[in-house]
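Visitor: I would like a close look at a single part of this structure, followed by an account of how its surroundings are built. Please take it slowly and keep to what the model shows.

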Amino acid sequence: MNSQDFGAPGASQDDLFSPRSPRGLLDNLNPEQYAAVTLGQEPALILAGAGSGKTRVLTTRIAWLMSQGLTTPAGVMAVTFTNKAAKEMVTRLSAMLPVNVRGMWLGTFHGLCNRFLRAHWKLAGLPQGFQILDAGDTVSAVKRVIKAMKLDEERFVPKQVSWFIAGAKEDGMRPRDIDLRDEQTRKLVEIYQAYEDQCEREGVVDFAELMLRSYELMRDNAAVREHYQRRFQYVLVDEFQDTNKLQYAWLKMFAPPGNGQGVFAVGDDDQSIYAFRGARVGNMSDFEREYRVRKVVKLEQNYRSFGNILDAANALISNNSHRLGKNLRTEAGPGEPVRVHEANSDFAEAQWLLEEAQALHRQGLARSEIAVLYRSNAQSRVIESALFNAGIPYRVYGGLRFFERAEVKHALAYLRLIENPNDDTSFLRVVNFPARGIGARTVELLQDGARQSGRSLYQSIGSVSGRGGASLGGFVGMVDAMREATTGLTLREIIEHVIETSGLADFYRAEKEGEERLENLGELVNAAEAFVTQEGFGKDAIALPVDEHSPGQIADGLPAAIAPANPATPDAETGEIMSPLAAFLTHASLEAGDNQAQAGQDAVQLMTVHSAKGLEFDAVFITGLEEGLFPHENSMSDSDGLEEERRLMYVAITRARQRLYISFCQTRMLHGQTRYNIKSRFMEELPEETLKWLTPRNQGFGSGFARDYQQAWQRGSGLKSMVGAGRVEPPSFASAPVPQSMKQSAAQKTGDEHGGLRVGKGVFHTKFGEGVLLTLEGSGPDARAQVNFGRHGVKWLALSVAKLTPID
DNA sequence: CCGGAATGATTTTTT
DNA sequence: ATCATTCCGG
């Protein structure tokens with residue numbers, strides 16, 4: 001999109017303009033892009049490198065298909081992963097053609113599943129107004145199940161169990177499908193089953209369930225399946241490398257191999273960075289094979305970055321095996337070298353990048369064109385405080401999303417209870433918030449009563465007698481009164497009413513630091529207002545299934561028997577079949593909303609490398625290129641993990657248009673402890689000729705930070721990874737927490753010198769190479785040293801055996 | 001029931 | 001260091 005900055009090959013491509021297409025649509029596409037856009041109704045795999053105009057190809061293809069009369073909006077399904085990507089597509093598409101985006105199935109996997117299930121709730125075995133649990137809701141629902149089953153929460157950690165359940169669902173497995181290989185699994189499956197029953201009772205579905213339910217309905221109902229397969233002539237999938245097993249299976253239900261539909265999968269195996277949550281890069285090669293893709297189109301022309309940046313990226317990624325093979329090229333010339341900076345500490349790193357960023361800004365670069373990337377969120381703090389103290393505006397991505405804030409979730413819980421009083425998750429969230437004298441004991445009694453009768457908490461308040469019962473009656477009475485009082489009101493009025501009568505407003509007004517929370521509640525009202533009036537997505541969600549039974553669609557062959565289930569009385573004028581409130585609640589679960597309010601300001605952008613995917617900036621700082629951090633130590637043990645880390649670095653590098661900085665430091669505060677690091681192996685994988693060192697190259701290990709050595713006894717994370725890899729026995733003291741009082745003496749002890757070795761200094765080992773000495777302890781034949789050897793890990797060595805020589 | 005103190009866990013993240 | 005959760009005494 002900023003190709004003009006780099007002299008994109010626009011002029012040379014006028015000859016590609018086809019007189020049959022609307023003027024401009026195919027202008028300035030390069031030959032590969034053109035080939036992809038104008039493919040016929042056949043399966044296609046597009047390998048779209050970073051900055052190769054992927055979104056443009058996707059949207060242009062949709063526009064082209066319609067302009068050629070090859071299909072209509074109803075015949076197209078376009079799937080993305082994020083709401084942001086979906087919105088981007090809508091925006092660009094409507095700029096190209098006056099497309100009826102509403103009639104098109106364009107959205108996220110989960111958004112489309114929601115749409116599908118809203119239309120076919122009956123066939124899918126769901127209640128009409130089913131609500132969607134977000135990640136947090138899911139964990140607390142699982143937690144309740146574990147409690148109810150009286151299982152040990154230490155052995156069955158709710159978060160991990162919910163991860164297990166989601167993982168099973170994403171493999172298409174119901175409880176009965178899982179192999180009960182051991183006792184633990186047997187119990188987990190029991191929890192899974194109980195969780196499913198609970199969701200069923202409460203009329204809620206989690207994210208994975210949206211996908212699995214849709215998949216199963218398509219699989220098991222031939223009429224539905226045939227209808228949708230006939231309807232969608234063209235199916236486009238973005239970020240295909242990020243699809244998991246279930247998503248691919250889902251896709252195959254809508255457009256199976258050999259069915260003649262135009263399935264257009266776009267992806268980049270080098271940018272697959274979500275294997276850790278179930279993404280299968282292998283889906284790309286599976287797709288190529290199963291769909292018998294005749295020609296894979298590679299988009300390798302990069303319109304984003306200068307040559308040195310791309311050379312660095314290409315060289316780095318070439319260290320990965322199992323690639324589909326692709327090399328980015330640019331016509332923009334080499335540009336500036338990649339600048340490399342080594343700092344003594346994370347603090348110094350932050351200070352340096354701040355000054356550098358300020359200099360760029362003074363040279364006329366907008367702050368919003370400067371991005372600071374890091375591997376893990378914890379790294380943002382020191383950078384933030386440096387920027388904050390210097391008074392430089394910045395924006396941090398990630399963190400709490402709007403709809404995930406506690407006060408917002410509380411308000412939503414009341415709203416959900418109005419919509420569905422049997423939603424136990426919401427019931428429990430607010431039954432005693434604000435506090436109204438309903439304690440843990442009372443809630444426990446209520447839960448027992450509910451369990452015995454198999455009813456919801458709301459239905460079971462009669463089972464608790466005495467004072468607790470009376471308070472519960474009061475709560476339920478209040479919710480019922482809210483429901484009554486808000487019928488017929490607008491969404492905005494409903495929410496305002498709930499915030500006031502629930503006592504939430506008063507609670508936060510009374511609280512010392514409730515100001516911001518009150519503002520967020522006000523913001524919730526605004527969000528609702530915007531949702532109702534907004535064209536496009538919001539309205540789309542409300543009026544959703546209307547297009548499903550527009551005359552054309554039914555005539556299209558959906559048998560009456562399986563026609564979308566209608567509510568008794570859809571609104572005659574708008575066709576609304578969901579109440580605005582229900583639709584808004586769905587919207588809140590499906591789209592967590594942006595997190596930072598200061599989005600409009602010109603500010604330096606701070607984010608993890610993961611969240612930078614898909615974005616681009618004129619100047620990019622990649623920080624913390626240190627072994628154990630990037631690559632992260634938890635990913636270093638196996639080659640798959642390491643390759644994913646490398647792809648992550650590849651993604652980071654390719655975010656930069658003009659100027660790229662890479663930095664690392666010798667010491668870093670982590671979890672309140674200073675740790676000594678050596679530079680990342682990825683640094684060695686960057687071609688020297690693309691780099692420009694801002695600090696002296698090949699500085700000896702440990703130079704300049706020996707004065708900090710007294711803290712070097714640290715073991716913590718390094719040890720953990722060691723134990724995890726099963727390589728070394730940890731020293732006995734380290735596995736037990738060390739009392740604060742002992743830390744000083746232990747630290748001082750490590751200050752000792754041993755045969756010229758000093759903590760914090762570099763050492764050389766004949767087998768493991770260079771490392772940093774972290775700890776020295778014991779004496780004589782028992783003397784041991786802990787050394788960080790970077791790629792060889794952190795090791796404990798007996799000095800009587802190991803040959804360690806000091807360097808520097 | 002509430003609030004302070006102890007305890008524990010901190011890769012990456014969308015929906 | 002920091003944040004969230006849990007525990008325990010008033």
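Is Thr 695 of chain A buried or exposed?

Guide: This is a predicted model, and within it Thr 695 counts as buried, because its relative accessibility is 14%, below the 20% under which a residue is called buried. Thr 695 sits in the loop between strand S16 (691-693) and helix H28 (716-724). Leaving aside residues up to four places away in sequence, Thr 695 touches Val 340, His 341 and Glu 342, and its side chain reaches the backbone nitrogen of Glu 342 at 2.9 Å.

From this loop one can pass to helix H12, since strand S9 (338-345) is included in what covers the buried residues of H12. The cover also includes helix H26 (639-653), strand S14 (656-670) and helix H27 (681-684). Nine of the 11 residues of helix H12 (residues 307-317) are buried, so this helix is largely enclosed by the rest of the structure. Those buried residues are Gly 307, Asn 308, Ile 309, Leu 310, Ala 312, Ala 313, Asn 314, Leu 316 and Ile 317.

One of them, Ala 312, can be set beside Gly 260: the two are 52 residues apart in sequence, and their C-alpha atoms are 41 Å apart in space. Gly 260 belongs to the loop between helix H10 (245-254) and strand S7 (262-267), and with a relative accessible area of 45% Gly 260 is partly exposed.

Two further helices can be described in the same manner. Helix H7 (residues 183-202) has 20 residues and reaches 29 Å from its first C-alpha to its last, which is close to the 28 Å expected at 1.5 Å a residue. At its N-terminal end H7 is capped by Asp 182, a side-chain oxygen of which lies 3.3 Å from the backbone nitrogen of Gln 184, and after H7 comes Gly 203, with a positive phi near 70°. The buried residues of H7 include Leu 188, Val 189, Ile 191, Tyr 192, Tyr 195 and Cys 199, and also Lys 187, Glu 196 and Glu 202. Helix H5 (135-148), helix H6 (158-170), strand S5 (204-205), helix H8 (207-220) and helix H16 (424-430) are included in what covers them.

H16 appears again at helix H18, whose buried residues pack against helix H15 (406-419), H16, helix H17 (440-453) and helix H19 (491-501). Helix H18 (residues 466-486) has 21 residues and reaches 30 Å between its first and last C-alpha, close to the 30 Å expected at 1.5 Å a residue. Among its buried residues are Gly 468, Gly 469, Leu 472, Phe 475, Val 476 and Met 478, and just after H18 Gly 488 takes a positive phi of about 90°.

The model also holds DNA, and the protein meets strand B through 27 residues, of which Arg 375, Ala 435, Ile 438, Gly 439 and Thr 608 come nearest. These surface residues divide into nine nonpolar, 15 polar and three charged. Phosphate oxygens of strand B lie 2.7 Å from a backbone N or O atom of Asn 377, 3.2 Å from an N or O atom in the side chain of Arg 401 and 2.5 Å from a polar side-chain atom of Thr 608. Of the strand B atoms within 4 Å of the protein, 58% belong to sugar or phosphate and the rest to bases.

Around DNA strand C the residues are Lys 143, Arg 381, His 671 and Gly 672, which divide into no nonpolar, two polar and two charged. A polar side-chain atom of Lys 143 lies 3.5 Å from a phosphate oxygen of strand C, and 46% of the strand C atoms within 4 Å of the protein belong to sugar or phosphate, the rest to bases.

For the chain as a whole, 55% of the 808 residues in chain A are buried, and its secondary structure comes to 30 helices and 23 strands. Among contacts in chain A with a separation of 6 or more, 76% join residues 24 or more positions apart. The mean pLDDT of chain A is 82, with 81% of its residues at 70 or more. Over residues 1-21, however, the pLDDT is below 50, and this stretch has 38 contacts beyond near neighbours in sequence. Over residues 535-557 the pLDDT likewise stays under 50, and the model has 50 contacts there beyond four places in sequence.

Key:
Residues are numbered from 1 along each chain as its sequence is written. Chains are lettered from A and ligands numbered from 1 in the order in which they are written. This is a predicted model: local features need pLDDT of at least 70, side-chain atom pairs count only at pLDDT 80 or more; totals for chains, interfaces and linings use all residues. Side-chain values use heavy atoms; hydrogens and water are left out. A residue is near a molecule or strand if one of its heavy atoms lies within 4 Å of it. A polar contact is a pair of N or O atoms within 3.5 Å; within protein, one must be able to donate a hydrogen and the other to accept it, and residues adjacent in sequence count only if both atoms are side-chain atoms. Ala, Val, Leu, Ile, Met, Phe, Trp, Tyr, Cys and Pro count as nonpolar, Asp, Glu, Lys and Arg as charged, and the others, Gly among them, as polar. Helices (H or I, at least four residues) and strands (E, at least two) are DSSP runs, numbered from the N terminus. The expected span of a helix is 1.5 Å times one less than its number of residues. Buried means under 20% relative accessible area, exposed over 50%, partly exposed in between (1.4 Å probe, protein chains only). Contact means heavy atoms within 4.5 Å. pLDDT is the predictor's confidence in each residue, from 0 to 100.
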